[in-house]
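Colleague: I am new to this structure. Please take me through its nonpolar core in one go, and then add whatever stands out in the loops.

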Amino acid sequence: MAESLPLEMLTHILSFLPLSDQKEASLVSRAWYCAAQNALRETNVQYNIPVSSASLPVIKSLGLRGVTCISLTSLDGSPASQQVLESVAYHLGPHLQSLCLSGGSPTEASFVALILGCPALRSLDLSGCHSLFTSGTLLAQPETSQRVRQVLSGLCELNLAGLRDLTDLSFNRLSSCAPNLERLSLAYCHLTFELRLTRGSFGSPDSSPSQLSFHNLLQFVKERAGRLHALDLSGTGLLPEALKALGGVAGLQLQELRLHGCQDLSTEAVIALCRLQSGLTSLDLSGCSELADGALLAIGRGLGHLWCLRLRKLQRLTDAGCTALGGLRELRSLDLAECCLVSGQGLAQALGSGHRASAPLASLSLAYCSSLKDASVFSLIPVLGLSLRVLDLSSCVALTNRTLQAICTCLTHLSVLRLAWCTELQDWGLLGLGEPSEEPAQEPQLHQELDHQASVPKDPSAQPQGPSLLMLRALQELDLTACSKLTDASLAKVLQFPELRRLSLSLLPALTDKGLVAVARGCPSLERLVLSHCSLLSDEGWAQAARSWPRLQHLNLASCGQLTEQTLDTIGQACKQLRMLDVAMCPHISMAAVRHLRAQLPQVTCIQSRYVGGADLTLTL
């Protein structure tokens with residue numbers, strides 16, 4: 001029946017599937033293949049293409065399919081790279097909209113030739129492409145610059161992050177070729193600041209051929225103020241005076257601003273920013289260690305349209321500042337990770353305030369908030385509501401099973417749950433049972449009781465008993481790293497998530513082959529799996545589990561001391577989509593076995609290390 005559906009309808013249906021499912025569906029028939037390709041084009045999927053002669057047929061195929069978004073990896077100045085760039089320009093260039101060369105080392109000539117073949121380009125990522133800017137002659141010829149300007153007239157986004165040799169002169173040449181830029185990243189570039197106190201301005205009016213100055217950037221922003229909407233100046237050492245000058249540019253209406261790691265910024269500078277750029281919708285001040293509650297109060301009062309706020313690693317923030325977040329009625333994503341003085345009480349008060357509109361959070365991170373306790377979470381969870389999709393409580397070491405059961409009761413629409421290093425979690429908490437009365441010494445009897453009480457019904461439509469992890473049916477990512485009190489008794493029962501894509505069970509010393517096989521049967525869609533330092537896993541367990549994981553792409557088995565070359569053979573036969581395998585510190589897996597796996601699956605990157613002569617030797621193949 002599906003074969004008779006119109007192509008447009010099939011495309012619409014497949015567009016609701018995750019990327020991996022779309023790939024599987026494309027294998028059903030020719031019609032489904034065409035529909036899946038259409039769905040991929042509509043979602044702007046980025047294709048990562050390794051630069052080698054083996055990629056040439058792939059590039060031609062992608063060109064025939066009208067792919068618009070690619071990333072080239074392992075790019076250098078070799079003849080093979082030159083050939084790949086020529087192929088990209090010919091087959092993909094006419095309709096290419098997004099091009100990423102991040103970390104590559106193309107020659108200036110090959111880069112210009114590639115760009116001239118991409119007239120529809122809207123996004124260009126040159127982060128880490130040092131080779132293009134070392135000589136300082138890129139686009140120095142007026143004729144070349146004029147041709148590139150004609151091609152890049154539609155470019156809206158430019159990423160120049162991490163370029164150590166970027167100067168005023170090279171920046172001006174490149175940016176002048178993109179007159180319609182809306183988004184610019186200079187993250188982790190070395191900006192220089194020369195404040196002239198007598199005039200209250202920065203630097204000299206001349207462009208520098210040897211450094212990237214804030215004065216030059218400010219001039220650029222003034223010229224593009226009417227069109228520029230997003231800036232990333234993370235890691236540039238932005239000064240408070242510079243932020244005030246930037247925010248006060250006439251006509252500038254920023255929507256997104258990233259200042260991650262600008263440690264010199266002051267609370268007063270953020271207060272001025274909130275007054276001058278009240279239209280901001282996304283703000284990242286993570287790692288700006290001088291900021292205190294006053295900054296958060298200004299954000300809550302002045303940035304009413306903010307929907308994404310990142311305040312990670314601000315050690316001076318307290319609950320008093322968090323109460324101001326109640327004024328952010330459109331806030332959808334909040335990151336307060338590593339704010340060690342935040343207990344959650346102020347945040348609960350802010351989110352539950354009566355004047356807050358109905359636009360609740362979809363993503364919340366309180367990872368590494370050491371002051372977070374069960375009581376705070378109990379007051380916070382009811383006001384989060386069913387809209388929350390991502391919750392990160394990693395390394396909140398004081399949280400117990402009561403918090404987990406509250407999450408399972410109230411936040412049933414979660415798709416991502418991270419509880420790494422929540423070391424107080426136990427089996428009965430995952431299973432939704434009451435706290436057992438037995439002493440820890442009765443652990444064998446406790447496991448038997450758990451096995452008896454928490455058996456999962458075979459009928460998949462049956463509702464789990466109690467607030468167990470099974471209630472989170474929409475989970476796609478789960479991290480239980482270092483929850484060391486968990487055993488097979490719970491993991492084998494509750495890890496039954498057909499849609500789960502990512503799972504970390506590393507550093508669980510009690511996980512055995514029995515639990516591994518049960519997890520494999522319950523979570524068949526896994527694409528990323530971390531099982532490092534699970535010392536009880538053996539070849540026998542993998543022989544049964546691997547066949548349930550044909551979609552695995554990333555697998556970490558580091559320090560699984562019992563595994564041998566037999567497990568690699570099993571993985572090579574069952575996990576054909578594997579891309580990365582970590583078997584570091586697995587003493588019974590030899591380099592020859594790793595090479596044999598690479599021969600079976602040449603696309604796999606393998607990491608292996610071991611102690612040699614008292615030193616840790618790590619090899620990547």
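Modeller: What follows starts with the core and ends with two loop residues. Keep in mind that this is a predicted model.

Start with the largest nonpolar core. It holds 176 residues. Which of them touch the most other members? They are Leu160, Ile299, Leu309, Leu417, Leu469, Leu495 and Trp542. Among helices and strands, look for helix α9, residues 214-223. Helix α9 gives the most to this core, with 5 residues. In soluble globular proteins, nonpolar side chains tend to be buried together.

Now zoom in on Leu495. What does Leu495 touch, leaving aside residues up to four places away in sequence? Its contacts are Leu469, Leu478, Leu503, Leu505, Ala518, Val519, Gly522 and Cys523. One of these, Leu469, is also on the list of core members that touch the most others. There is a second core, separate from this one. It has 5 residues, including Leu10, Ala25, Ala35 and Ala36.

Next, the loops. Find Lys313 between β14 (308-310) and α13 (319-322). Its phi is near 60 degrees, a positive value in a residue that is not glycine. Is Lys313 buried or exposed? Lys313 is partly exposed, because its relative accessible area is 44%.

Then move to Glu338. This residue sits in the loop between β15 (333-335) and α14 (345-351). Glu338 is not glycine, yet its phi is positive, near 65 degrees. The relative accessible area of Glu338 is 24%, so Glu338 counts as partly exposed.

Methods
Residues are numbered from 1 along each chain as its sequence is written. This is a predicted model: local features need pLDDT of at least 70, side-chain atom pairs count only at pLDDT 80 or more; totals for chains, interfaces and linings use all residues. Side-chain values use heavy atoms; hydrogens and water are left out. A nonpolar core is a set of buried Ala, Val, Leu, Ile, Met, Phe, Trp, Tyr and Cys residues joined through side-chain atoms within 4.5 Å. Buried means under 20% relative accessible area, exposed over 50%, partly exposed in between (1.4 Å probe, protein chains only). Helices (H or I, at least four residues) and strands (E, at least two) are DSSP runs, numbered from the N terminus. Contact means heavy atoms within 4.5 Å.
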